[in-house]
Amino acid sequence: MAGNVHSTGYDHPWSCTQCGVCAAVCPTGAIHQQPRRHGYVYPVVDAGKCNNCGLCVQCCPGPRVVEQEERFPSPAEERRLYGPFETAFLAHASDEQLRWRGSSGGVVTALLVHLLQSGAIKGAIVTDAGGDRCLPRTFVATTVDEILGATGSKYCLTSIGQAVRALAEMPEGQYAAVGLPCQIQGLWKAEQQLKWLREKIGLRIALFCAGTRDTRYRSALVARMGLREEDLAEFSFRGDGWPGSISARTAAGSAVRLESADKWVRQQFDISARIPPRCLLCDDPLGAFADIAVGDPWKLGCEGDRAGQSLAVLRTPRGNEAFARAEQCGSLATSRELGKSEVAVSQEGILWRRYYSGGRIKLAALWSPVWREARKGMPAPRMVDLLKAARILAVRVIGPGQ
Ligand SMILES: Cc1cc2nc3c(=O)[nH]c(=O)nc-3n(C[C@H](O)[C@H](O)[C@H](O)COP(=O)(O)OP(=O)(O)OC[C@H]3O[C@@H](n4cnc5c(N)ncnc54)[C@H](O)[C@@H]3O)c2cc1C
Ligand code: SF4
Ligand code: SF4
Ligand code: SF4
């Protein structure tokens with residue numbers, strides 16, 4: 001498709017995931033990510049530098065939902081819902097300290113450390129809290145310490161683009177990439193277009209995702225802790241067992257902790273106005289474009305297990321192989337294998353969200369030609385879902401905190 005992400009409308013807040021892949025792949029450097037309020041970072045195209053090659057549009061995960069059908073040619077509804085699925089496990093890092101520090105069971109970090117130490121990868125795209133005021137920063141880690149430093153989920157906007165661009169300059173060899181499903185989808189699309197990237201990415205790991213948050217969520221947490229963001233030396237959204245706690249430390253040494261399960265924290269997390277608009281239309285919460293997708297083991301009898309477990313869906317042969325090797329070498333321990341029905345029980349909320357994303361997308365199509373195109377081929381929405389979608393979208397547009 002000719003045109004760029006601006007002329008096609010892909011850069012609109014309702015379509016753009018802010019992944020930054022367009023800026024990373026543009027051969028003329030015509031795109032940069034422009035920071036806005038509350039941590040939003042949308043692309044800006046310099047029309048004078050653009051030659052209309054269309055590469056940014058081809059790599060954009062924004063509104064091209066129908067393209068998922070190209071990846072999952074099976075018409076079976078089940079396959080459409082889960083994405084590629086070889087098997088799934090409840091698992092955890094064998095290193096008990098890492099398991100305790102991980103978001104759920106530390107599986108992602110344990111796997112990356114194993115791959116690096118065994119020489120299977122030269123590095124990995126990860127997200128640590130090393131940005132300004134301890135906000136997230138996505139980069140290519142090449143040491144075990146850097147990978148360990150990125151342990152834990154960051155419920156805050158971040159782009160994968162700069163790390164993808166940095167990969168071009170990195171030594172030959174294979175690299176892993178960890179990201180949210182939209183970021184992994186952008187990476188997958190870019191790999192289809194760019195041979196050098198396809199050759200460098202050895203493993204894609206996605207985190208399950210029901211939506212990220214803008215910086216107002218983090219600001220509210222820090223204020224509740226009685227701290228100032230400019231004084232932070234460390235900030236962590238997860239860790240310290242499962243489901244874990246939120247912790248911060250200032251340069252002066254004050255340390256404060258909030259429980260993730262605390263009612264006030266949950267309320268702050270649920271404020272719709274802090275959810276990026278595109279997340280409300282997301283139809284890939286389970287990371288269908290990854291080799292391995294990992295999430296929390298909700299409703300799987302892990303409630304009393306404070307040490308933590310991760311739910312890992314192995315989607316492709318190379319995902320399966322990497323996971324099995326890490327287990328054989330003792331980096332990972334699996335507790336038990338899970339069938340699709342157990343994954344469905346655990347992730348019921350986001351599976352329904354995926355199934356009925358058509359309702360929200362249909363509403364978005366009323367005002368967006370980009371989404372009008374994308375909704376073709378999606379399951380018809382139920383009336384109840386249209387009503388729910390209308391409520392969510394109304395809260396996002398006119399709700400508190402805008
Ligand atoms: C914004 C967000 C929303 C999520 N929503 C859900 C959900 O609805 N349901 C669910 O079951 N699970 C969700 N998860 C996934 C879950 O929180 C854990 O990340 C997952 O279970 C893996 O845990 P782990 O202990 O194996 O990973 P760890 O060993 O703790 O490693 C985490 C890895 O994630 C990477 N990472 C952290 N934050 C980000 C980020 N913002 N963007 C890109 N990469 C990042 C780090 O680089 C690190 O390598 C979400 C995660 C995030 C970041
Ligand atoms: S030069 Fe190509 S990749 Fe860059 S903005 Fe223009 S269309 Fe997009
Ligand atoms: S590639 Fe990513 S950042 Fe660029 S327009 Fe698409 S979704 Fe937005
Ligand atoms: S819900 Fe998650 S995967 Fe979907 S667009 Fe938002 S951040 Fe990306």
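1. Let me start with a helix that has a clear inner face. The buried residues of α11 pack against β8, β9, β10 and α12 (263-269). This is a predicted model, so please read everything below in that light. In α11, which spans residues 215-224, the buried positions are Tyr 217, Arg 218, Leu 221 and Val 222. These four cover an arc of only 130 degrees around the axis, which puts them on the same side of α11. The spacing fits a general rule: an α-helix has 3.6 residues a turn, so residues three or four places apart point the same way. After α11 comes Gly 226, with a positive phi near 75 degrees.

2. Three of the partners of α11 belong together. The strands form an open sheet in the order β8-β9-β10, with antiparallel pairing. At the edges stand β8 (232-236) and β10 (255-259); each has a single partner strand, so one side of each is left without a neighbour in the sheet. From one strand to the next the twist averages 10 degrees. The antiparallel pair of β9 (residues 245-250) and β10 is joined by five bridges. For a register check, Arg 249 is the residue opposite Ala 255 in β10.

3. The loop between β8 and β9 deserves a look at its backbone angles. Pro 243 is found there, and the peptide bond that joins Trp 242 to Pro 243 is cis, with omega about 0 degrees. Asp 240 sits in the loop between β8 and β9 too. Its phi is near 65 degrees, a positive value in a residue other than glycine. Is Asp 240 buried or partly exposed? Asp 240 has 18 C-beta neighbours inside 10 Å, and since burial takes 20 or more, it counts as partly exposed.

4. A second non-glycine residue with positive phi turns up in a hairpin. β1 (31-35) and β2 (41-45) have His 38 in the loop between them. The two strands pair in the antiparallel sense over five bridges, and Pro 35 stands opposite Val 41 in β2. Together β1 and β2 make a hairpin with five residues between them, and His 38 lies in the turn. Phi of His 38 is near 60 degrees, which is positive although the residue is not glycine. His 38 is partly exposed, with 17 other C-beta atoms within 10 Å.

5. Now to α6, a helix with a different burial pattern to consider. How many of the 11 residues of α6 are buried? The count is 10 of the 11, so α6 is largely enclosed by the rest of the structure. The buried positions are Val 107, Val 108, Thr 109, Ala 110, Leu 111, Leu 112, Val 113, His 114, Leu 115 and Leu 116. Just after α6, Gly 119 has a positive phi of about 85 degrees.

6. That helix also matters for reading the surroundings of ligand 1. There are 31 residues around ligand 1, and the closest are Gly 102, Thr 109, Val 126, Ala 210 and Gly 295. Two or more residues of this shell come from each of α6 (107-117), β4 (123-128), β6 (175-179) and β11 (292-295). Which element gives the largest share? It is α6, with three residues. By type, the shell around ligand 1 divides into 14 nonpolar, 15 polar and two charged residues.

7. For ligand 4, the surrounding residues can be listed in full. They are Thr 17, Leu 180, Pro 181, Cys 182, Cys 209, Gly 211, Thr 212, Arg 278, Cys 279 and Cys 282. Six residues of this shell are nonpolar, three are polar and one is charged.

8. Finally, a few totals for orientation. The protein chain has 18 helices and 13 strands. Of its 402 residues, 47% are buried. Taking contacts between residues at least 6 apart in sequence, 72% join residues at least 24 apart.

Conventions
Residues numbered from 1 in each chain as written. Chains lettered and ligands numbered in written order. Predicted model: local features only at pLDDT ≥ 70, side-chain atom pairs only at ≥ 80, totals over all residues. Near = placed C-beta within 6 Å. Nonpolar A, V, L, I, M, F, W, Y, C, P; charged D, E, K, R; others polar. Buried ≥ 20, exposed ≤ 12 C-beta atoms within 10 Å, placed from the backbone. Contact = placed C-beta atoms within 7 Å. Pairing = 2+ DSSP bridges. Axes fitted to C-alpha atoms, helices over the stretch in contact; angles between N-to-C directions. Arc of directions from axis to C-beta.
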